[in-house]
Amino acid sequence: MKRLFVVAAILAAFVAPAAAQPKKSPEQAWNELFAKREGKEHQFNKFLAETVKGRAPGKALDVGMGQGRNSLFLAALGWDVTGFDISDVGVKQAQAEAAKRGLKIDARVGDVDKFDYGKEKWDLVVGMYMHEYLNRNAKRVVASLKPGGLVVVEGIHRDIDKASLTGDKYGYVNNELPKLFSALRTRYYQDTVDKADWDRSGGKPVPVVRFIGEKPEPAAKKK
Ligand SMILES: C[S@@+](CC[C@H](N)C(=O)[O-])C[C@H]1O[C@@H](n2cnc3c(N)ncnc32)[C@H](O)[C@@H]1O
């Protein structure tokens, strides 16, 4: 009996503190991360820069804008940019940086699953390091593109075998992006090993995928 009591006491000592710690919501987890990154300069994504080179600026949507590095880059090129993110800390930092640089962006707090993407609204949709948050909204992204509009995506391949910030496995599986966006013309697809420009990957080369899809113009009506 005494032994049973000792075992129960030991178990309680370990289990109680763990149970007392509530699981963080995704908003909390991202807010904490962005609060730590406050004031650090984060370069825009190079693949995005290559994609828009020589393209006339239009209306762009940055899905999961984080601290706004890509929205700010596009706005400086003359794009009319809307960005949203679940992290109000990230969005506030993006707004503050835009004000500092004298740029105009429409930065909002929003959830990928509730955001109104609209229909044929955007010339460019940016989905950088958004993984499952983008995947599960691919149909809505396709509908939101104007004919001739592009979706540009970069992310980690599932081969990285890591957990996301919220604990799930993350990364794209083989050919996932062209399949998800099969309603678009695949203008570019790359499955490679390279430095990811999202710094939780540690700065070392990792499995990375890149994708550009273009919304086809409607077929001309036969006379
Ligand atoms: C890996 S970060 C990438 C941020 C940004 N696209 C970039 O490349 O700098 C993923 C982003 O997704 C956002 N996010 C996570 N869940 C979301 C959701 N349900 N709706 C909108 N944004 C979300 C996070 O706050 C975070 O900013």
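The largest pocket in this predicted model has a volume of about 560 Å³. It is lined by 31 residues, and those closest to its centre are Trp30, Asp85, Tyr129, Met130 and Tyr133. If you would like to trace the wall by secondary structure, look at helix 2 (26-36), helix 4 (69-76), strand 2 (80-85) and helix 6 (131-135), each of which supplies at least two lining residues. Sorted by class, the lining of this pocket holds 14 nonpolar, eight polar and nine charged residues.

What takes up the space of the largest pocket? The ligand does. Helix 2 and helix 4 are the elements that give two or more residues to the shell around the ligand. In total, 18 residues surround the ligand, and the closest are Gly64, Arg69, Asp85, Val112 and Met128. Asp85 therefore turns up in two lists, being among the residues closest to the pocket centre and among those closest to the ligand, with a residue counted in the shell if one of its heavy atoms lies within 4 Å. By class, the shell divides into 10 nonpolar, five polar and three charged residues.

Now let us zoom in on individual atoms. Arg69, one of the closest shell residues, places a polar side-chain atom 2.7 Å from an oxygen atom of the ligand. The backbone takes part as well: a polar backbone atom of Val112 is 2.8 Å from a nitrogen atom of the ligand, and a polar backbone atom of Ile86 is 3.2 Å from a ligand nitrogen atom. How much of the ligand's accessible area does the protein cover? On its own the ligand has 590 Å² of accessible area, and the protein covers 97% of that.

There is another pocket to visit. The second largest one has a volume of about 370 Å³. Its lining is made of 21 residues, with Lys46, Glu154, Lys195, Ala196 and Asp197 the closest to its centre. Two elements, helix 3 (46-52) and strand 6 (185-195), give two or more residues to this lining. Which of the elements provides the largest share? That is strand 6, with four residues. By class, the lining of the second largest pocket has five nonpolar, five polar and 11 charged residues. Set that beside the ligand's own pocket, with its 14 nonpolar, eight polar and nine charged lining residues, as you move between the two sites on screen.

Conventions:
Residues are numbered from 1 along each chain as its sequence is written. This is a predicted model: local features need pLDDT of at least 70, side-chain atom pairs count only at pLDDT 80 or more; totals for chains, interfaces and linings use all residues. Side-chain values use heavy atoms; hydrogens and water are left out. On a 1 Å grid over the protein atoms alone, a cavity is a set of points where a 1.4 Å probe fits but cannot get out, and a pocket is an open set with protein on both sides within 12 Å along at least five of seven lines; lining residues have an atom within 4 Å of a point. Grid points are joined across faces, edges and corners, and a volume is the space filled by probe spheres set on the points. Ala, Val, Leu, Ile, Met, Phe, Trp, Tyr, Cys and Pro count as nonpolar, Asp, Glu, Lys and Arg as charged, and the others, Gly among them, as polar. A polar contact is a pair of N or O atoms within 3.5 Å; within protein, one must be able to donate a hydrogen and the other to accept it, and residues adjacent in sequence count only if both atoms are side-chain atoms. Accessible areas come from the Shrake-Rupley method with a 1.4 Å probe; for residues, only the protein chains shown count as cover. A molecule sits in a cavity or pocket if more than half of its atoms lie within 2 Å of its grid points.
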